[in-house]
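Please look over the structure shown here with its charged side chains and its strand pairing in mind. The report below takes these two topics in turn.

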Amino acid sequence: MSEILIRNEKESDHKIVEYITREAFWNLHGLGCDEHYLVHLMRDHEDFVPKLNYVMEVNGPISILPEYQRQGYSKKLLEYSFEKAVDMGFEVIVIFGSPNNYLGRGFLSCKKYNVCIEEDIYPTAMLVKELKRGSLEGKKWVYSESEVYHIDEEKALKFDEQFEPKEKLYRPSHEEFYILSHSQVLD
């Protein structure tokens with residue numbers, strides 16, 4: 001790997017981070033994407049933790065462009081973020097994603113930690129990582145998603161107009177993520 005610098009995102013990084021996020025998620029979970037708009041919205045939301053908002057530079061900014069994926073950069077950025085989160089006193093991380101991408105980073109099924117969403121539902125795509133061992137032990141937890149994730153689709157489309165047009169294509173990964181995010185782990 002080339003020389004790597006991990007640092008907090010600066011305001012001057014916003015547009016490139018949004019662009020890279022768009023490139024990384026385009027046609028991955030659905031036609032086009034809205035993750036870059038979510039990144040844009042999150043920065044001003046009360047649930048956002050700026051001290052845990054990192055970018056990685058490898059001879060220039062990447063985060064993580066498709067051509068740099070599967071080369072260890074995501075792992076390095078995640079591990080760095082985990083260390084900083086522990087230093088700040090955070091004990092647990094909950095994400096929604098493909099288990100294939102996160103099990104190797106210490107995330108486990110939400111069911112193993114007894115973390116559910118409403119009505120005892122344990123989504124297959126909801127993964128949990130204890131940063132402090134035993135912090136979830138012996139209790140039942142209910143995850144409540146931040147309001148920032150409730151994206152106005154029209155505003156997301158309008159936001160996307162400032163980027164170069166890209167073709168929206170169906171990919172098998174759309175169905176895979178739909179299945180993961182709409183199925184649940186049972187006993």
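## Salt bridges in the predicted model

A salt bridge is counted here when a side-chain nitrogen of Lys or Arg lies within 4 Å of a carboxyl oxygen of Asp or Glu. In this predicted model, the side chains of Asp187 and Lys111 satisfy that description, with an N to O distance of 2.9 Å. Asp187 belongs to the segment after α6, whereas Lys111 sits in the loop between β5 (108-109) and β6 (115-116), so this salt bridge ties together parts that are 76 residues apart in sequence. Asp187 counts as exposed, at 88% relative accessibility, while Lys111, at 24%, counts as partly exposed.

The structure as a whole holds 12 salt bridges, and two further examples, both involving helix α1, are described below.

## Two contacts of helix α1

Glu18 and Arg43 form a salt bridge through their side chains, with 2.6 Å from N to O. The two residues come from distant parts of the chain, since Glu18 is in helix α1 (residues 14-25) and Arg43 is in the loop between α2 (35-42) and β2 (54-58), 25 residues apart. Glu18 is buried, because its relative accessible area of 1% falls under the 20% limit, and Arg43, with a relative accessible area of 13%, is buried as well. Both residues also take part in a network of salt bridges that links Glu9, Lys15, Glu18 and Arg43.

Glu23 and Lys166 provide another side-chain salt bridge, at 3.1 Å from N to O. This pair again links distant parts of the chain, with Glu23 in helix α1 and Lys166 in the loop between α5 (153-160) and α6 (172-182), 143 residues apart. Glu23 is buried, with a relative accessible area of 18%, whereas Lys166 is partly exposed, with a relative accessible area of 32%.

## An open sheet of three strands

Strands of a sheet pair through backbone hydrogen bonds, and the pairing can be either parallel or antiparallel. In this model, three strands make up an open sheet in the order β4-β7-β5, with antiparallel pairing. The edges are occupied by β4 (92-96) and β5, each of which has a single partner strand, so one side of each is left without a neighbour in the sheet.

The pairing of β5 with strand β7 (residues 126-130) is antiparallel and runs over two bridges. For Leu108, the bridge partner in β7 is Val128.

Note on methods
Residues numbered from 1 in each chain as written. Predicted model: local features only at pLDDT ≥ 70, side-chain atom pairs only at ≥ 80, totals over all residues. Heavy atoms only, no water. Helix = DSSP H or I, 4+ residues; strand = E, 2+ residues; numbered from the N terminus. Buried < 20%, exposed > 50% of the residue type's maximum accessible area, 1.4 Å probe, protein only. Pairing = 2+ DSSP bridges.
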